[in-house]
Amino acid sequence: MKHFLNTQDWTRPELDALLGQAAKFKRSKLGDQLKGKAIALVFFNPSLRTRTSFELGAFQLGGHAVVLQPGKDAWPIEFNPGAVMDGDAEEHIAEVARVLSRYADLIAVRAFPKFQDWSVDREDTVLRSFAKYSTVPVINLETITHPCQELAHVMALQEHFKTPDLRGKKFVLTWTYHPKPLNTAVANSALTIATRMGMDVTLLCPTPDYVLDERYMGWAADNVRESGGSLQVSHDIAQAYTGADVVYAKSWGALPYFGRWDAEKPIREAHRHFIVDEAKMALTNSGVFSHCLPLRRNVKATDGVMDSPACIAIEEAENRLHVQKAIMAALANQ
């Protein structure tokens, strides 16, 4: 039984097949691939695009989605093996995942990290626990990676460049300022999929403290060896933007400061100039800009960039619907 936890777990032909099916769903949105089937969407964190696109996607393929929010409309869940459950949690994941597996054909989970100890967060305990105990396929709705966003982004790039072959494109993954330290999930995923597609990737960030976790840097290096392309880290804005074909922006907190965000804040504040603006985009090779959304305008990117023809963020957001239908259809019919 195959899950969809990270794209790195899937072969390139398998990913290409998902993208191909997503393109078909974009041309003709209705189908019966989920007829008589159900998906349990488990949200530990808020959602707009993910919840909407998964609910509508299941409906358009003849299925039904049930949304659960543990701690709100469902019981709080314990994830630690051997725990003495005398706190807030009412159920253990060992029961939750197996019971949902008896009801639903798919389980999907969104669970952000706690932002206190990266050595704990990087274990991805919530998602991995669902996958461990579930007897049906599990889909990652964003934990410490965001694989559905990866495919939506690649699909938007393939549409823009009018080719499935993105090799030779200069891809800049740039850190941008945000008043809060944010999850590294989308950055981890963008780095993974851009190198998987053989692009020449530059990770642009303020200081070495903002380089991503060694697991994802390692995946990227492996992908370069397998797919071609290249990978470099830069702290030089002009050098990174010059000649770029793609600029992908995301804010994230510096890993060495997890749990010590007051100490990280002055570094973040000193790099507000990493905002994506018209001057930076003018250095590119008529490059496109995108972001996973939500985006704080005139903090992460200017109005001018967001409203320009070069911005494909809305196309990427739409593609969430199509790629997720492809994922659900593939997993439910293994």
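The following exercises, each with a worked solution, concern the predicted model shown above.

Residues are numbered from 1 along each chain as its sequence is written, and side-chain values use heavy atoms, with hydrogens and water left out. Because the model is predicted, local features need pLDDT of at least 70 and side-chain atom pairs count only at pLDDT 80 or more, while totals for chains, interfaces and linings use all residues.

**Exercise 1. Strand S7**

Task: Determine how strand S7 (residues 170-175) is enclosed and which strands it pairs with.

Solution:
- Step 1. Helices (H or I, at least four residues) and strands (E, at least two) are DSSP runs, numbered from the N terminus.
- Step 2. Buried means under 20% relative accessible area, exposed over 50%, and partly exposed in between (1.4 Å probe, protein chains only). In S7, 6 of the 6 residues are buried, so the strand is largely enclosed by the rest of the structure.
- Step 3. One side of S7 carries Lys170, Val172 and Thr174, the other Phe171, Leu173 and Trp175, and all are buried.
- Step 4. Two strands pair if DSSP finds at least two bridges between them. S7 pairs with strand S8 (residues 200-204) in the parallel sense over 5 bridges, and Leu173 stands opposite Leu203 in S8.
- Step 5. From S7 the chain passes through helix H7 (residues 185-196) to S8, in a right-handed β-α-β crossover; right-handed means that, with the strands pointing away from the viewer, the path from the first strand over the helix to the second runs clockwise.
- Step 6. S7 also pairs in the parallel sense with strand S10 (residues 246-250), over 5 bridges. There, Val247 is the bridge partner of Val172.

**Exercise 2. Helix H1**

Task: Establish the span of helix H1 (residues 12-27) and the arrangement of its buried residues.

Solution:
- Step 1. The expected span of a helix is 1.5 Å times one less than its number of residues. H1 has 16 residues and reaches 23 Å from its first C-alpha to its last, close to the expected 22 Å.
- Step 2. Leu15, Leu18, Leu19, Ala22 and Phe25 are buried in H1. They cover an arc of only 115° around the axis, and therefore lie on the same side of H1; the arc is that of the directions from the helix axis to the C-beta atoms.
- Step 3. The buried residues of H1 pack against H6, H7 and helix H13 (313-332), with contact meaning heavy atoms within 4.5 Å.
- Step 4. The face turned away from the buried side of H1 carries the exposed residues Pro13 and Arg27.

**Exercise 3. His235**

Task: Describe the surroundings of His235.

Solution:
- Step 1. His235 lies in the loop between strand S9 (230-234) and helix H9 (237-241), and counts as partly exposed at 37% relative accessibility.
- Step 2. Leaving aside neighbours within four places in sequence, His235 contacts Leu204, Cys205, Pro206, Thr207, Pro208 and Phe274.
- Step 3. Thr207 and His235 are 28 residues apart in sequence and 6.3 Å apart in space, C-alpha to C-alpha.

**Exercise 4. Backbone geometry**

Task: Locate a cis peptide bond and the positive phi values of Glu142 and Asn298.

Solution:
- Step 1. Most residues other than glycine have a negative phi, and most peptide bonds are trans.
- Step 2. The bond from Leu293 to Pro294 is cis, with omega near 5°. Pro294 lies in the loop between strand S11 (288-290) and helix H12 (303-306).
- Step 3. Asn298 lies in the loop between S11 and H12, with phi near 65°. Asn298 is partly exposed, with a relative accessible area of 44%.
- Step 4. Glu142 has phi near 120° and counts as buried at 10% relative accessibility.
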